[in-house]
Amino acid sequence: MIEHMVLFKVRDGTTADSGAAMVSGLKGLKSRVPGIVEASVGTNFSDRSKGFTHGLVVRFQDRAALDQYLPHPAHQEVVQHLIRPIAEDVIVVDYEI
């Protein structure tokens, strides 16, 4: 299995509605993209976040599923319309578990 972790830092001035739309869009990917075993996303509350405001963890069956997820139209829709307009920075970590 593959663990895919993403941290998002949204721009100052981002509305709560825009942040909520990003979270909702990311949550919806589990039912829209094959190969996702588990997914969780939420707003960060840690004071050690270095400005990162949201986190996503997606568990995939294997590397092939991760490779299919990245260009998948549903994923790209969320990236282009809900993440890129508000994200200042993103960090991604992928590893086998």
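**Rings, helix α1 and overall fold**

Me: How many aromatic pairs does the count come to?
Reply: This is a predicted model, where local features need pLDDT of at least 70, side-chain atom pairs count only at pLDDT 80 or more, and totals for chains, interfaces and linings use all residues. Numbering starts from 1 along each chain as its sequence is written, and side-chain values use heavy atoms, with hydrogens and water left out. Rings of Phe, Tyr and Trp (its six-membered ring) pair if their centres lie within 6.5 Å; planes under 30 degrees apart are stacked, over 60 edge-to-face, the rest tilted. By that rule, the count of aromatic pairs is 1.

Me: Which ring does the charged end of lysine 9 sit over?
Reply: The test wants NZ of Lys or CZ of Arg within 6 Å of the ring centre and within 35 degrees of the ring normal. Here the charged end is 4.7 Å from the centre, and the ring belongs to phenylalanine 52.

Me: Within what arc do the buried residues of α1 fall?
Reply: Buried (under 20% relative accessible area, 1.4 Å probe, protein chains only; exposed is over 50%, partly exposed in between) applies to Gly19, Met22, Val23, Gly25, Leu26 and Leu29. They line one face of the helix, because, seen down its axis, they fall within an arc (directions from the helix axis to the C-beta atoms) of 155°.

Me: Which residues are exposed on the other side of α1?
Reply: The buried residues of α1 pack against β1, β2, β3, α2 and α3. On the other side, the exposed ones are Ala16, Asp17, Lys27 and Ser31.

Note on methods: Helix = DSSP H or I, 4+ residues; strand = E, 2+ residues; numbered from the N terminus. Contact = heavy atoms within 4.5 Å.
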